[in-house]
Amino acid sequence: MLQKMLITSGLAAEHETIINVPVKKSYSDKAIKKGKIVKKDDIILARSGEGTIGKVALITDDVNAIFADFTQRIRLNNFNPLCAYYYFRSDIFQYFIYSHKKGMGNNTNIFPNQVQEFPMPDWSLEKQSKIATLIKEQIDAQKIIDEQILKKQQEILQIVENAVR
């Protein structure tokens, strides 16, 4: 069976979309030898391209996959993966990416050796869990509001359509 390559795209409010792209066995074999296997709780960081650099995705399920060359896998010890994911999406972490990226135009890059030097919060696992839970609760509440807005927009569109008939 062919491995799949994970590619981040279509950045959503909470979780990025992961595109599973089948790859040739010869390519996946090389990637596996290089240790490019992804597992649950890994974080994938886009490390190149002006519109993509710094985007992150949290792998929330067990997958049979490798990560693409233009991404970086982050696997942390003793750090809540969801809390780390939210931290990597924060303005401060994104500022670190912005201020350390190299290149010009759309050809910008951030390298793993740079990212590993970025500071991480020194929080207990208990505090990390509380922070992740609080953020997730707020995101879930925002999703409900977004659904209500979408429903109201559809109602308004229906009123307009009925008025012009």
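What covers the buried residues of H3? The close-ups below take up this question and a few others, using a predicted model.

**View 1. Helix H3 and its cover.** Here the cover over the buried residues of H3 includes S4, H2 and helix H4 (112-115). The residues in question are Phe93, Phe96 and Ile97. Looking down the axis of H3, you will find them within an arc of 95°, so they line one face of the helix. Turn to the face pointing away from that buried side and you meet the exposed residues Asp91, Tyr95 and Tyr98.

**View 2. Helix H2, largely enclosed.** Helix H2 spans residues 81-88, and six of its eight residues are buried, so the rest of the structure largely encloses it. The buried set is Cys83, Ala84, Tyr85, Tyr86, Tyr87 and Phe88. Among the elements covering them are three strands, S4 (43-46), S5 (56-58) and S7 (71-74), along with helices H3 (91-100) and H5 (125-163). Have a look at the start of H2 as well: there, a side-chain oxygen of asparagine 80 comes within 2.9 Å of the backbone nitrogen of leucine 82.

**View 3. Lysine 101 and glutamate 50.** Lysine 101 sits in the loop between H3 and strand S8 (102-104). Its side chain meets that of glutamate 50 in a salt bridge, at 2.6 Å from N to O. This pair links distant parts of the chain, since glutamate 50 belongs to the loop between S4 and S5, 51 residues away from lysine 101. Glutamate 50 is partly exposed, with a relative accessible area of 34%. Which residues is lysine 101 in contact with, leaving aside its neighbours within four places in sequence? They are Glu50, Ile53, Thr108, Asn109 and Ile110.

**View 4. Aspartate 69 and lysine 36.** The structure holds seven salt bridges, and this close-up shows one of them, formed by aspartate 69 and lysine 36 with their closest N and O atoms 2.4 Å apart. Aspartate 69 lies in the loop between strand S6 (65-67) and S7, while lysine 36 lies in the loop between helix H1 (25-33) and strand S3 (37-38), so the pair ties together parts that are 33 residues apart in sequence. Is lysine 36 buried or exposed? Lysine 36 has a relative accessible area of 15%, so it counts as buried. Aspartate 69, at 41%, is partly exposed.

**View 5. A salt bridge within helix H5.** Glutamate 126 and lysine 130 join their side chains in a salt bridge, at 3.3 Å from N to O. Both residues lie in helix H5, four residues apart, which is about one turn of the helix. Both glutamate 126 and lysine 130 are exposed.

**View 6. A nonpolar surface patch.** Ile156, Val160 and Val164 form a nonpolar patch on the surface, and together they offer about 290 Å² of accessible area. Isoleucine 156 is placed in helix H5 and is partly exposed, with a relative accessible area of 47%.

**View 7. Stepping back to the chain.** To set the close-ups in context, the chain has five helices and nine strands. Of its 165 residues, 33% are buried. The chain exposes about 10,700 Å², with carbon and sulfur atoms supplying 56% of that area. Among contacts between residues at least 6 apart in sequence, 64% join residues at least 24 apart.

Methods. Residues are numbered from 1 along each chain as its sequence is written. This is a predicted model: local features need pLDDT of at least 70, side-chain atom pairs count only at pLDDT 80 or more; totals for chains, interfaces and linings use all residues. Side-chain values use heavy atoms; hydrogens and water are left out. Buried means under 20% relative accessible area, exposed over 50%, partly exposed in between (1.4 Å probe, protein chains only). Helices (H or I, at least four residues) and strands (E, at least two) are DSSP runs, numbered from the N terminus. Contact means heavy atoms within 4.5 Å. A polar contact is a pair of N or O atoms within 3.5 Å; within protein, one must be able to donate a hydrogen and the other to accept it, and residues adjacent in sequence count only if both atoms are side-chain atoms. Patches are made of residues with over 30% relative accessible area and no salt bridge: like charges are joined within 9 Å, nonpolar side chains (Val, Leu, Ile, Met, Phe, Trp, Tyr) within 5 Å. Accessible areas come from the Shrake-Rupley method with a 1.4 Å probe; for residues, only the protein chains shown count as cover. A salt bridge is a side-chain nitrogen of Lys or Arg within 4 Å of a carboxyl oxygen of Asp or Glu. The arc is that of the directions from the helix axis to the C-beta atoms.
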